[in-house]
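Please take a look at the model below. A short report on its sheets, a helix or two and a few residues follows.

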Amino acid sequence: MTDKKATIYILDTTQPWDTKSTEGALGPFNKARQIVRKHIERKLLAGRKTDMTGVIVLGTDETKHDLTEEIPGQYQHISVLENIQQPNMNTLRKIMFIEPLEKNVESDAVDALVVATSMLIKHCKKLKYEKQIILMNAPGNYIKWHSIAQIQQTLLTQKISLVVIYLEQPLHTDIQINNKDYWEKLTKETGGESCLQTLEEAFDIANKFVKKNVKPTTTFRGVLRLGGSRLGEAEVETDPEIYMYLRTKPVNTMPAKQFSCLSDPTDESYGKVVTDRKYKLKYSKHLDTYPFYKNKSQLYEESGDSEDEYSNEKDVFDTKSTADEMFIDENKLLTIQYFGITPIPITKEQIISKDPCEEPAMFMLGYFPDSKFPVYYMSSSVYVVIGNTNHFESMTAISAIVHAMHETQSVALVRFVKQRTSAPKLGVLFPTIEGDASVLNYVEIPFTDDLPNIVKKPTKVAEEDIKKQDDSSQYQIPDDKMLESMEKLIESMDLMNADRDKNGNPCEYLHQEKVFNPMNWRLQQAIQDRAIDPQSSLPEFHPTFLKQHTLLPEFLENTKQWRDSIISLFSIQQVNKPQPFKKRTYGTAKDEDVIVEPLLKFDNINNSQEMYEPYNKKLRQDKMSSYEEDLALYANRDVNTITWLNPVEDFKAMVANTSQDLSKTAVQQMHAMILELASSSYGELWYNVVIDCLDALRVTALKKFYAKEFNQCLYDLKALCEPSNPQSGHLNFWKLMQSKNITLIKKEEAVDSEETETTANEFFLVNTMTEPANTDITDNIDQLLEDF
């Protein structure tokens with residue numbers, strides 16, 4: 001099988017494609033277009049330069065391909081959308097803008113097949129390519145089949161596989177029956193990977209998870225030193241040559257790169273973030289405790305530098321001169337290790353010895369039973385170790401070792417040195433035999449000092465010791481019934497036969513080869529959607545991932561008996577976690593509606609403690625501080641601008657500023673920040689932050705008389721959400737505002753508001769686009785004083 005691939009997609013846009021989408025489902029043409037998109041997206045993610053793609057559109061008004069010059073007047077209404085090349089984002093965008101023609105044109109699917117075959121022959125020439133044509137054919141169109149024998153011969157000669165995807169419909173006409181028979185015959189006689197698929201089958205296959213094909217590359221090539229050869233000894237004939245390949249590894253989240261969009265790029269470094277690091281010397285009292293630093297000449301002598309090079313620099317050992325800044329060259333930096341609190345400099349040459357004591361190899365230290373091998377070590381990276389495929393004796397030796405370890409049920413402890421400059425690692429080799437393949441698997445294990453010494457509470461206590469305890473309830477040794485119930489519970493949750501295949505036979509549930517990382521999938525899918533549509537929201541999780549966080553109904557039925565038995569035997573009870581007690585602080589009583597007048601009467605003085613008790617109890621349970629106390633926490637912060645990192649805290653800090661009045665500026669900036677976060681939110685990522693901003697702005701508007709500005713902010717959000725438009729991208733945020741009941745400030749709440757009870761109640765009505773009563777932000781001071 002060759003590594004080079006060339007695939008041409010033919011998308012038929014002629015009638016009759018039913019473009020209407022049923023409830024929540026895509027129409028047939030949209031499904032066909034989605035199939036092409038999924039295929040090309042996988043090629044983009046793989047990033048292989050030898051995987052070429054071309055796209056042909058059948059049923060266009062114009063004709064655009066190379067055969068028009070060679071054979072004028074033939075192969076009409078066929079256009080090459082993308083020549084055979086490595087796919088890119090432009091290819092995807094072009095495909096998503098393809099729409100079926102409103103009028104029907106005379107175009108032939110066989111003509112498009114001829115054009116695609118000609119493109120593959122011209123591009124691939126006599127090079128070794130894996131060539132394929134994928135045709136999306138609309139049903140019911142008339143096709144000229146008189147040249148099908150010549151096309152079939154060309155496909156067989158050029159080794160081109162053909163996949164025909166058609167819309168499965170009731171075959172009412174002779175044309176539909178004839179077309180399906182010819183396509184089925186052509187794909188069957190072409191052989192190879194050629195096949196005939198329905199649109200639903202191809203759509204399901206395109207949406208299934210596919211593991212990325214990775215070309216196996218050796219991570220290590222060396223020798224497995226057996227018991228007869230040890231450190232410092234020469235290799236013996238029994239030492240087999242081995243190849244090591246990576247089998248499994250933990251997958252991390254895709255890394256992101258920093259990118260800066262400059263408004264006026266002046267050089268080629270546009271968009272690249274360049275880090276400028278400077279190293280400033282700071283005086284430390286520990287420098288005087290290190291003898292090397294007390295003698296400057298000795299330091300220069302050891303470093304190889306002359307004292308003249310430092311004549312113009314400040315004396316780094318003078319505590320007075322180090323008050324000024326002194327920057328050090330990066331090449332003169334040393335690695336520091338601390339011995340207690342004393343810094344010890346260690347150079348790179350001292351860490352990596354020039355003459356290592358051992359060569360790159362894998363040393364066999366001994367064997368031990370596999371029952372003593374901790375299985376959880378296999379959750380890390382696992383490597384496959386095989387003999388040198390070009391050396392028959394090495395392959396035979398590895399096979400013998402595998403079978404011997406398998407028969408004796410043992411594993412090998414090895415010491416692995418990958419490179420001459422790398423640190424040695426401790427690992428375990430365990431055998432694996434699958435069919436005719438017999439290989440060793442290597443997994444790294446920790447050294448003794450890598451394992452933390454965790455002191456565990458003993459779980460088993462002798463019965464004699466329990467009797468001596470005053471409180472024996474803190475120990476509980478399971479009896480035979482408890483152990484039996486727990487074993488039955490584990491057996492009832494066996495995953496090996498929990499699922500059912502297509503034929504209804506028992507099969508493994510959550511097979512390891514079919515369980516994918518949902519977060520990585522969602523991130524990749526979000527990148528793909530955003531690449532085509534920058535305003536797209538976060539994608540929903542694939543239905544396949546439901547198995548990972550939903551319990552099988554069969555489990556609930558099978559385990560009910562044993563669950564109830566365990567609950568009764570172990571006396572399991574649900575314990576409600578107590579709410580944490582919050583200390584009462586200054587200013588907490590300001591928000592409480594405490595009735596003071598009855599307490600001032602002489603008759604109630606003796607009963608004052610009893611009257612205050614319910615209020616004191618309420619204060620202890622209260623989890624919210626007062627407005628003034630909340631602002632007091634930010635009074636010492638010097639903030640002049642609201643940032644998107646901490647908009648609520650920045651807003652409160654500006655309002656609480658005591659040196660100058662920044663309330664109006666804070667309200668205006670918060671207004672702008674709310675609109676910016678709501679409009680540029682990645683899906684619903686920032687919606688909760690916007691709600692917190694609105695809450696903070698509303699409280700301040702009531703306290704500081706900015707009701708008009710707050711109401712105007714809500715009207716701007718309503719215009720942004722467009723609740724009357726079903727296609728609006730911010731309807732979820734509008735529904736969130738409704739659920740939180742964030743409405744206009746009424747006259748009854750603030751004297752500077754002009755909104756009535758009616759307008760406030762009608763604010764969330766979809767068909768009512770009420771404008772604010774008065775958007776003029778200028779204040780009449782005299783009128784305001786009269787209102788007071």
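## Strands 4 and 5

This is a predicted model. Strand 4 (residues 130–137) and strand 5 (residues 160–166) run parallel and are joined by 7 bridges. Within this pairing, Ile-134 stands opposite Val-163 of strand 5.

## The open sheet

Strands 4 and 5 belong to an open sheet of 6 strands. The order is 3-2-1-4-5-6, and the pairing is mixed. Strand 3 (78–85) and strand 6 (195–198) stand at the edges. Each has a single partner strand, so one side of each is left without a neighbour in the sheet. On average, neighbouring strands here are turned by 15° against each other, direction ignored.

Helix 7 covers residues 199–207. The helix lies across strand 5 and strand 6. Its direction is at about 90° to strand 6.

## The barrel

A second set of strands closes up. Here 7 strands form a barrel, in the order 7-8-14-17-16-15-13, again with mixed pairing. From one strand to the next, the twist averages 40°.

Strand 16 (residues 425–434) and strand 17 (residues 437–445) run antiparallel, with 9 bridges between them. Val-428 has Val-443 in strand 17 as its bridge partner. Helix 10 (residues 392–408) lies across strand 7 (218–225), strand 8, strand 13 (361–369), strand 14 (382–387), strand 15 (410–417), strand 16 and strand 17. Helix 10 runs at about 85° to strand 16.

## Met-244 in strand 8

Met-244 lies in strand 8, which spans residues 241–248. Is Met-244 buried or exposed? Its relative accessible area is 2%, so Met-244 counts as buried, the cut-off being under 20%.

Which residues does Met-244 touch, leaving aside those up to four places away in sequence? The contacts are Thr-217, Thr-218, Thr-219, Phe-220, Met-362, Tyr-383, Val-384, Val-385, Phe-416 and Tyr-442. Gly-222 is 22 residues from Met-244 along the chain, and their C-alpha atoms are separated by 8.7 Å.

## A nonpolar patch

Leu-334, Ile-336 and Tyr-338 make a nonpolar surface patch of about 310 Å². Ile-336 sits in strand 11, residues 335–339. Why can Ile-336 be called partly exposed? Its relative accessible area is 33%, and partly exposed means between the 20% limit for buried and the 50% limit for exposed. Patch members need over 30% relative accessible area, so Ile-336, at 33%, passes that cut-off.

Key:
Residues are numbered from 1 along each chain as its sequence is written. This is a predicted model: local features need pLDDT of at least 70, side-chain atom pairs count only at pLDDT 80 or more; totals for chains, interfaces and linings use all residues. Side-chain values use heavy atoms; hydrogens and water are left out. Patches are made of residues with over 30% relative accessible area and no salt bridge: like charges are joined within 9 Å, nonpolar side chains (Val, Leu, Ile, Met, Phe, Trp, Tyr) within 5 Å. Accessible areas come from the Shrake-Rupley method with a 1.4 Å probe; for residues, only the protein chains shown count as cover. A salt bridge is a side-chain nitrogen of Lys or Arg within 4 Å of a carboxyl oxygen of Asp or Glu. Helices (H or I, at least four residues) and strands (E, at least two) are DSSP runs, numbered from the N terminus. Buried means under 20% relative accessible area, exposed over 50%, partly exposed in between (1.4 Å probe, protein chains only). Two strands pair if DSSP finds at least two bridges between them. Axes are lines fitted to C-alpha atoms, for helices over the stretch in contact, and angles run from 0 to 180 degrees between N-to-C directions. Contact means heavy atoms within 4.5 Å.
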